[in-house]
Amino acid sequence: MTTSVTDCVLRLYNERHELEDYQGGVPRWCSGCGDNAILAAVQRLCRDQELRPEKTVFVSGIGCSSRFPHYMKTYGFHSIHGRALPIAEGLKMARPDLHVFVNTGDGDCCSIGAAHWIHALRYNMKLTVILHDNQVYGLTKKQASPTSPIGLKSNTTPRGAYLDGLNPLTVTLGVQNVSFVAQVVDWIPELVYQTVTAAFKHPGFSFVRVIQRCPEWLPDLHEPFMKDPSRVQLLTHEHGLQPSEALTRTYKNRVVHDPSDLDAARRIASVTDPIPVGLLYWNPEVPRYERTRGAGKLRTPDGIRTGLEAELDKFTIWPRDES
Ligand SMILES: Cc1ncc(C[n+]2csc(CCOP(=O)(O)OP(=O)(O)O)c2C)c(N)n1
Ligand code: SF4
């Protein structure tokens, strides 16, 4: 029996994936690690948005959080410390048809990868970027990171960190062309899911900071915020998060925030207690680098060869014609 092209196309479009189709290896994170909650939300997002696994890529740097691509049954690139963003940008330029996600830790993004972070924001390419911010270097066993709070005792700061932690939200909101900034805490799964979904739907560079628990090295850091729901403030708006009724019964500290207001977003971003949770800033109109540069157009083998030849010809010294 032969299969027609129409049958093949129809089968492709009717293909529906279940959660287990996105689940890769068994996660090796510690139990209670916030990375598990992020993974669960992202797998749900892939299923609900019907992302084709062969069209989806997770790029990460190095760290506990950067093990993320191993646990997704999609394409993935567990790359080099601090370099997840430029690799993801290169991929998006070559293959704008792919859904590209980036998972990066606070050391990975805000320390060794900080320069890439700033420029990736300015380029505003369509990438869904999740900062797993556990405020410590987890994989290398408890060194202070740029986002560690002042006074935090660690293996590199045995007398306590001397400086105030860097705030990834205020930094992000200070960069030209910023277009989507959100914050969420890993212990409210409903909002993690809503936030990563909104980030995925954003047409440009979406930056989600997840305040992530590391029970191995900092078991008490977030306890006070978890025990007292009034120390988490939900930002609500018709263009932002819409928490369920059940959630609003627990989280009564809420404020309406219009995510198109950059000044208000910056003010909210600088507050750390209560922790603001939700969409801080959203501007879908910012130009995207891959569109401006016509990404993907020259990426056929012939196109690449022709482009290379033309470049090399510019510098070639041709033998003089003596005839
Ligand atoms: C060039 C380079 N420098 C340093 C390291 C060592 N190293 C590996 S992971 C890491 C920090 C990880 O912290 P973070 O990015 O916050 O991720 P987490 O493990 O907390 O998820 C460091 C310093 C490395 N692998 N490569
Ligand atoms: S060390 Fe911390 S960040 Fe790493 S897996 Fe364990 S709990 Fe998670």
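**Exercise 1.** Is Asn177 buried, partly exposed or exposed? Place this residue in the fold and describe its backbone.

*Solution.* The model is predicted. Start with the accessible area: for Asn177 the relative value is 32%. Buried means under 20% and exposed means over 50%. Asn177 is therefore partly exposed. Next, the location. Asn177 sits in the loop between α6 and β5. Finally, the backbone. Asn177 is not a glycine, yet its phi is positive, about 75 degrees.

**Exercise 2.** Find what is notable in the backbone at Glu50 and at the bond between Asp273 and Pro274.

*Solution.* Take Glu50 first. Its phi is positive, at about 50 degrees, although Glu50 is not a glycine. Glu50 belongs to the loop between α2 and β1 (56-60). Now the peptide bond. Asp273 and Pro274 are joined by a cis peptide bond, with omega about 5 degrees. Pro274 lies in the loop between α10 (262-269) and β9.

**Exercise 3.** Classify Gln43 and Ala115 by accessibility, then give their settings.

*Solution.* Gln43 has a relative accessible area of 7%, so it is buried. Helix α2 holds Gln43. Set aside neighbours within four places in sequence: Gln43 then contacts Leu19, Tyr22, Gln23, Gly24, Tyr71 and Met72. Ala115 has a relative accessible area of 52%, so it is exposed. Helix α5 (residues 114-123) contains Ala115. For a distance check, pair Ala115 with Phe180. They are 65 residues apart in sequence, and their C-alpha atoms are 19 Å apart.

**Exercise 4.** Describe the largest nonpolar core and the elements that build it.

*Solution.* Count first: the largest nonpolar core has 40 residues. Val42, Phe68, Met72, Trp187, Ile188, Leu191 and Val277 have the most contacts inside it. Then assign elements. Each of α2 (34-48), β5 (180-185), α7 (189-201), β6 (206-211), β7 (232-236) and β9 (275-282) supplies at least two residues of this core. A second, separate core has 30 residues, including Leu127, Val129, Leu131 and Val175. Now zoom in on Val277. Not counting residues up to four places away in sequence, Val277 touches Gln183, Val184, Val185, Leu191, Val232, Gln233, Leu234, Leu235 and Leu241.

**Exercise 5.** Which residues line the largest cavity, and which lie nearest the centre of the largest pocket?

*Solution.* Begin with the cavity. One cavity of 30 Å³ or more is counted. The largest cavity holds about 50 Å³ of space. Its lining is Gly82, Arg83, Ala84, Leu85, Val102, Thr104, Asp108, Cys109, Gly113 and His116. By class, that lining has four nonpolar, four polar and two charged residues. α3 (84-94), β3 (99-105) and α4 (106-112) each give at least two residues to the lining of the largest cavity.

Move to the pocket. The largest pocket has a volume of about 400 Å³. It is lined by 22 residues; Gln135, Thr147, Pro149, Arg209 and Thr272 lie nearest its centre. The classes are 12 nonpolar, eight polar and two charged. α6 (168-173), β6 and β9 each supply at least two of the lining residues of the largest pocket.

**Exercise 6.** List the residues around ligand 2 and sort them by class.

*Solution.* Around ligand 2 are Trp29, Cys30, Cys33, Cys64, Asn134, Gln212, Cys214, Pro215, Glu216 and Trp217. Sorted, this shell has seven nonpolar, two polar and one charged residues. Cys and Pro count as nonpolar here.

Methods
Residues numbered from 1 in each chain as written. Chains lettered and ligands numbered in written order. Predicted model: local features only at pLDDT ≥ 70, side-chain atom pairs only at ≥ 80, totals over all residues. Heavy atoms only, no water. Near = heavy atom within 4 Å. Helix = DSSP H or I, 4+ residues; strand = E, 2+ residues; numbered from the N terminus. Buried < 20%, exposed > 50% of the residue type's maximum accessible area, 1.4 Å probe, protein only. 1 Å grid on protein atoms, 1.4 Å probe; cavity = no way out; pocket = protein on both sides within 12 Å on 5 of 7 lines; lining within 4 Å. Points joined across faces, edges and corners; volume = space filled by probe spheres on them. Core = buried A, V, L, I, M, F, W, Y, C linked by side-chain atoms within 4.5 Å. Contact = heavy atoms within 4.5 Å.
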